[in-house]
Number of protein chains: 2
Amino acid sequence: MIGFEHHNHADCISTSVEAADNYCRTAGLQLTPARRRVLEILLGEHRALGAYDILEILAKNGFAAQPPVAYRALDFLVKHGFAHRIERLNAFVACAHPGIEHDPSFLLCRICDAVAEAQSDAASGRLGKVAETTGFKIERAVVEAVGVCPNCRGET
Amino acid sequence: MIGFEHHNHADCISTSVEAADNYCRTAGLQLTPARRRVLEILLGEHRALGAYDILEILAKNGFAAQPPVAYRALDFLVKHGFAHRIERLNAFVACAHPGIEHDPSFLLCRICDAVAEAQSDAASGRLGKVAETTGFKIERAVVEAVGVCPNCRGET
DNA sequence: TGTTGATATGTTATACTATAACGATTAGCA
DNA sequence: TGCTAATCGTTATAGTATAACATATCAACA
């Protein structure tokens, strides 16, 4: 699980962007400049960024500074699995396992706002059983866990 | 699990409000008129209501129509476990198991907006293991599953 | 080549969600 | 009674997100 360890960001970013690039080419999607830049921005942080944070950075990069510019790019990235939206934070984060079909789960540090993405099996556990019994058909299940990350635990 | 079945609302509401009333008296909390009315409103629907939906109803009931009136009551209800906030919908729902300490899980119908609350074991399953390995301490874990409820499945 | 249709962008305006701040009031209790 | 904390009334503003419409780009294809 990516998230709380230190690692080489520059590599991490360029590799991921390149992967997205290839995927889009294959799938007939357009990774336009704004979309690519937003993906780079998200990859540059292992924490969630609000749409307006991103918008601000885009503006400094010569893009238009209207909210739809950021929201459209984010919608694209989320729709195609390059990023996830974190409901609890009204914010967005780059996907840690792009290309793999998955329901994301997040570990959110309430102290430093770091975000780690993990896999969970919520839909197949107890919740899945309840849903099955009731006749509810689960299409997506996201888990957002709030707590304290290893770095912040050490520092208290 | 309460949620998708038909049942007697009037009983359901008065019983729950009474329970909240008793709990508050015991715990030294004030279930003031606005708080009580908001709880009743939430119990009257088995779906999530936005703060401004509630505010509108409060206004018709003679309460002040400023946002803080609704938010304060909702904060109180959520804090003490009488209601939950559903992040995905920016909305609130009455708790289906008040008095019991629990991390709520929700089944959200994307067609009719019905909400059912269930128990899950997200924090003790795969996600819990990952967290443990990493050193992340989970304090709360909420699951929000989107899908189609039994009633809407029948009607397609 | 020129038309067409789908996709993406620029831009303005507005809707929706939530909280800060401060003074007035009330409840519970020493 | 008088103190203290909790609650409420009110104004203002911050933060998040989308509607709507005009323009532009580009690939497919007659």
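**Exercise 1. Determine how far a phosphate oxygen of DNA strand C is from an N or O atom in the side chain of A:Thr32, and then place this pair among the other contacts of the strand.**

Solution. Step one: in this predicted model, the side chain of A:Thr32 has an N or O atom 2.9 Å from a phosphate oxygen of DNA strand C. Step two: turning to chain B, an N or O atom in the side chain of B:Tyr71 is 3.0 Å from a phosphate oxygen of the strand, while for B:Arg85 a polar side-chain atom lies 2.5 Å from a phosphate oxygen. Step three: these pairs can be set against the surroundings of DNA strand C, where 14 residues are found and where A:Thr32, A:Arg35, A:Arg72, B:Tyr52 and B:Arg85 come nearest. Step four: sugar or phosphate accounts for 42% of the strand's atoms within 4 Å of the protein, and the rest belong to bases.

**Exercise 2. Work out which element gives the largest share of the surface near DNA strand C, and describe the classes of residue in that surface.**

Solution. Step one: helix H4 (67-79) of chain A and helix H4 (67-79) of chain B each supply at least two residues of this surface. Step two: the largest share, 4 residues, comes from H4(B). Step three: sorted by class, the surface holds 5 nonpolar, 5 polar and 4 charged residues.

**Exercise 3. Repeat the analysis for DNA strand D, beginning with the question of how many residues surround the strand.**

Solution. Step one: DNA strand D is surrounded by 13 residues, the closest being A:Tyr52, A:Arg85, B:Thr32, B:Arg35 and B:Arg72; of the strand's atoms that come within 4 Å of the protein, sugar and phosphate account for 44%. Step two: polar side-chain atoms of chain A lie 3.0 Å from a phosphate oxygen in the case of A:Tyr71 and 2.4 Å from a phosphate oxygen in the case of A:Arg85, whereas the side chain of B:Arg72 places an N or O atom 2.6 Å from a base oxygen. Step three: H4(A) provides the largest share of the surface near DNA strand D, 4 residues, and by class this surface has 5 nonpolar, 4 polar and 4 charged residues.

**Exercise 4. Identify which residues touch the most other members of the largest nonpolar core, and follow one of them across the chains.**

Solution. Step one: the core has 32 residues, of which A:Phe4, A:Leu107, A:Phe136, B:Phe4, B:Leu107 and B:Phe136 touch the most other members. Step two: beyond residues up to four places away in sequence, the contacts of B:Phe136 include A:Phe4, A:Leu107, A:Val146 and B:Ala131. Step three: another core, of 24 residues, lies apart from the largest one and has B:Leu31, B:Val69, B:Ala73 and B:Ala83 among its members.

Definitions and conventions
Residues are numbered from 1 along each chain as its sequence is written. Chains are lettered from A and ligands numbered from 1 in the order in which they are written. This is a predicted model: local features need pLDDT of at least 70, side-chain atom pairs count only at pLDDT 80 or more; totals for chains, interfaces and linings use all residues. Side-chain values use heavy atoms; hydrogens and water are left out. A residue is near a molecule or strand if one of its heavy atoms lies within 4 Å of it. A polar contact is a pair of N or O atoms within 3.5 Å; within protein, one must be able to donate a hydrogen and the other to accept it, and residues adjacent in sequence count only if both atoms are side-chain atoms. Ala, Val, Leu, Ile, Met, Phe, Trp, Tyr, Cys and Pro count as nonpolar, Asp, Glu, Lys and Arg as charged, and the others, Gly among them, as polar. A nonpolar core is a set of buried Ala, Val, Leu, Ile, Met, Phe, Trp, Tyr and Cys residues joined through side-chain atoms within 4.5 Å. Buried means under 20% relative accessible area, exposed over 50%, partly exposed in between (1.4 Å probe, protein chains only). Contact means heavy atoms within 4.5 Å.
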